[in-house]
Amino acid sequence: MAVRPILTIKDERLYQVSEPVTKFDRNLRNLVRDMFDSMAAEGGVGLAAVQIGVLQRVIVIDLVEKGFIKGAFVNPRLLAASEELQDGEEGCLSVPGLSAQLKRPRWVKIGYQDLSGNEKTIEGEMLLARAFLHEMDHLDGKVFVDQLEPEIHRLLAGDIERIKQGLPVENPKVPEYRKKKSA
Ligand SMILES: [Zn+2]
């Protein structure tokens, strides 16, 4: 078990496409354990393997405190999404101190493999749907700040640039759903 440093958007690896997992072995279980540890250490609710520098298609989510689930999802893919959208505040451990409104489908159905390689599906709505979509984007080298509506992006462009240069943002804002679990 280990807490590993989380890459920020100044790191090029966050813009690369992760590789499918083919081996469901102890290395995978150790990776998932490190992901849960690293996410918890930062008070996050979701993490993709690339955020700790491992370019494998693995995500973890812990939304138990919000009434949803905790789990690890290997090779996740989007099977279906609602046309109906939700609007909500989104943040990312790789974009420290910044959050922004982003529209996402309200409901999704995800196909994935568990840690033994078994094929499964899961449905999620609201915060859980948002978390799945956010983390799966990471596997394709996409970060939420690059998907914002132009008007919102323009407002935050200075802060995004600062983070890309490794500097802190000027008025840090932590998204509501990422506030420490002890709060
Ligand atoms: Zn993220």
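Start with the whole protein chain and switch on its surface: the accessible area is about 9300 Å², and 49% of that belongs to carbon and sulfur atoms. Areas of this kind come from the Shrake-Rupley method with a 1.4 Å probe, and for residues only the protein chains shown count as cover. Keep in mind that this is a predicted model, in which local features need pLDDT of at least 70 and side-chain atom pairs count only at pLDDT 80 or more, while totals for chains, interfaces and linings use all residues. Residues are numbered from 1 along each chain as its sequence is written, and side-chain values use heavy atoms, leaving out hydrogens and water.

Now change to a cartoon view. You should find three helices and seven strands, where helices are DSSP runs of H or I with at least four residues, strands are runs of E with at least two, and numbering goes from the N terminus. Along the sequence the pattern reads α-β-β-β-β-β-β-β-α-α. The radius of gyration is 16 Å, close to the 16 Å from the globule rule for 183 residues, so the chain is as compact as a globular protein of that length. That radius is taken over C-alpha atoms, and the rule is 2.2 Å times the number of residues to the power 0.38. A box of roughly 45 × 35 × 35 Å along the principal axes holds the C-alpha atoms.

Next, colour by burial. Of the 183 residues, 48% count as buried, meaning under 20% relative accessible area, with exposed over 50% and partly exposed in between (1.4 Å probe, protein chains only).

Select residues 127–139, which form helix H2. At 1.5 Å a residue its 13 residues should span 18 Å, and the end C-alpha atoms are 19 Å apart, which agrees; the expected span is 1.5 Å times one less than the number of residues. Twelve of the 13 residues are buried, so H2 is largely enclosed by the rest of the structure. Among them are Arg-130, His-134, Glu-135 and Asp-137. After H2, click on Gly-141, whose phi is positive, near 75°.

From Leu-139, jump to Glu-19: the two are 120 residues apart in sequence, yet their C-alpha atoms are 8.1 Å apart in space. Glu-19 sits in the segment before helix H1 (26–41) and, at 48% relative accessibility, counts as partly exposed. Show its neighbours too: leaving aside residues up to four places away in sequence, Glu-19 touches Leu-55, Gln-56 and Arg-57, with contact meaning heavy atoms within 4.5 Å.
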